[in-house]
Amino acid sequence: MRFISEQRLDGGVLEREFILGEIPGTLWTPGSAAPAPLILMAHNNGLPRGEARLVARARHCAAQGYAVAAIDAPGCGERPRSAADDQARADLRQAMRAGEPVDEIFESFVGPLVENAVPEWRTVLDALLALPEIGGPVGYSGWTAVGIRLAVAEPRIAAAGFFAGGYVPRAQREEARQITVPLLFLLQWDDEGNPRQRALDLFDAFGSKEKTLHANLGGHTGTPWFEVEDGGRFFDRHLR
């Protein structure tokens with residue numbers, strides 16, 4: 001892992017950009033000297049790690065004493081997309097404008113995004129836990145599809161916060177039954193692109209004995225800020 005830039009933020013939080021092989025990422029660490037528990041933070045469906053909402057959440061969590069990491073996985077953010085990915089996204093936009101079914105189009109590019117992202121997240125996790133300023137345990141916050149696969153594949157994930165917005169491929173809906181870690185699931189009740197009942201069915205499928213659903217009125221990007229604060233209390237219970 002090679003750090004390529006850094007800046008000191010309010011409250012002593014250190015924000016550093018890194019490269020690990022071909023993987024670009026950002027690491028936020030608190031100002032305290034003690035090794036910090038770690039939260040892996042992923043955005044939905046190929047959005048960049050520098051997206052403003054993710055950065056705000058990451059900086060807030062770091063100010064509360066957590067190390068937080070985000071990456072641009074293959075096909076996401078500044079990483080190149082394949083011609084097939086670009087065609088699938090064009091087909092999606094056309095289908096949505098025409099009011100046609102879109103699930104199969106989502107499957108064609110979200111499924112591979114998940115498959116390619118999780119091995120890279122595990123590689124990054126290995127490198128992060130080797131840093132002296134990071135101790136563990138490890139939590140996950142963000143994109144549900146990646147989070148399901150990562151929590152199933154990676155025994156070091158101790159707790160997870162999932163955002164219900166964003167398409168979850170059929171393979172991950174099946175894997176949801178294997179999730180056993182404590183879970184916080186955030187649902188926007190009026191999310192125009194994500195059927196409410198599908199999200200409720202997914203919550204029901206999770207195998208965790210401790211799982212909590214928070215539903216708020218509003219569209220896809222309307223998750224209230226207080227849910228970030230409640231998420232912090234959730235991670236405090238399970239990562240400290």
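## Sheet architecture

Two strands are taken to pair if DSSP finds at least two bridges between them, and in this predicted model strand E1 and strand E2 (residues 14–20) meet that condition with six bridges in the antiparallel sense. The two strands form a hairpin with five residues between them, and Gly-11 in the turn has a positive phi of about 75°. One of the bridges places Arg-8 opposite its partner Leu-14 in E2.

The hairpin belongs to an open sheet of nine strands, whose order is E1-E2-E3-E5-E4-E6-E7-E8-E9 and whose pairing is mixed. Strand E1 (2–8) and strand E9 (211–216) are the edge strands, each of them pairing on one side only. On average, and with direction ignored, neighbouring strands of this sheet are turned by 20° against each other. Strands of a sheet pair through backbone hydrogen bonds, either parallel or antiparallel.

## The enclosed strand E4

Strand E4 (residues 36–42) is largely enclosed by the rest of the structure, because seven of its seven residues are buried; the cut-off behind that term is a relative accessible area under 20%. With strand E6 (residues 134–143), E4 pairs in the parallel sense over six bridges, and Met-41 stands opposite Ser-141 in E6. With strand E5 (residues 67–71), E4 also runs parallel, joined by three bridges, and here Ile-39 has Val-68 of E5 as its bridge partner.

## Helices on the sheet

Helix H4 (residues 144–153) is mostly covered, with eight of its ten residues buried; these are Thr-144, Ala-145, Val-146, Gly-147, Ile-148, Arg-149, Leu-150 and Ala-151. A second helix, H7 (residues 226–239), lies across E4, E6, E7, E8 and E9, and runs at about 165° to E7.

Thr-144, which lies in H4, has a relative accessibility of 1% and therefore counts as buried. A polar atom of the Thr-144 side chain lies 2.5 Å from the backbone oxygen of Phe-163. When residues up to four places away in sequence are not counted, Thr-144 touches Asn-44, Phe-162, Phe-163, Ala-164, Val-168, Phe-185 and Leu-202.

## Phe-206 in a loop

Phe-206 is found in the loop between helix H6 (196–205) and E9, and its relative accessible area of 3% is why Phe-206 is classed as buried. Leaving aside neighbours within four places in sequence, the contacts of Phe-206 are Ile-148, Phe-162, Ala-176, Ile-179, Leu-183, Phe-185 and Lys-211; Ile-148 is itself one of the buried residues of H4. Phe-206 and Gly-232, by comparison, are 26 residues apart in sequence and lie 21 Å apart in space, C-alpha to C-alpha.

## The contact of H2 with H3

Two packed helices are described by the angle between their axes and the distance between the axes. For helix H2 (residues 83–98) and helix H3 (residues 103–129), the axes come within 9 Å and cross at roughly 145°, and H2 passes H3 in a left-handed crossing.

On the H2 side the contact is made by Asp-85, Ala-88, Arg-89, Asp-91, Leu-92 and Ala-95, which meet Ile-105, Phe-106, Ser-108, Phe-109 and Leu-113 in H3. The residues of this contact divide into seven nonpolar, one polar and three charged.

## A buried glutamate in H3

Glu-107 also lies in helix H3. The relative accessibility of Glu-107 is 16%, so this residue counts as buried, the limit for that class being under 20% relative accessible area. Not counting residues up to four places away in sequence, Glu-107 touches Pro-112, Tyr-167, Pro-169, Arg-170 and Arg-173.

Key:
Residues are numbered from 1 along each chain as its sequence is written. This is a predicted model: local features need pLDDT of at least 70, side-chain atom pairs count only at pLDDT 80 or more; totals for chains, interfaces and linings use all residues. Side-chain values use heavy atoms; hydrogens and water are left out. Axes are lines fitted to C-alpha atoms, for helices over the stretch in contact, and angles run from 0 to 180 degrees between N-to-C directions. Helices (H or I, at least four residues) and strands (E, at least two) are DSSP runs, numbered from the N terminus. A crossing is left-handed if the near helix is turned anticlockwise from the far one by less than a right angle, and right-handed if clockwise. Contact means heavy atoms within 4.5 Å. Ala, Val, Leu, Ile, Met, Phe, Trp, Tyr, Cys and Pro count as nonpolar, Asp, Glu, Lys and Arg as charged, and the others, Gly among them, as polar. Buried means under 20% relative accessible area, exposed over 50%, partly exposed in between (1.4 Å probe, protein chains only). A polar contact is a pair of N or O atoms within 3.5 Å; within protein, one must be able to donate a hydrogen and the other to accept it, and residues adjacent in sequence count only if both atoms are side-chain atoms.
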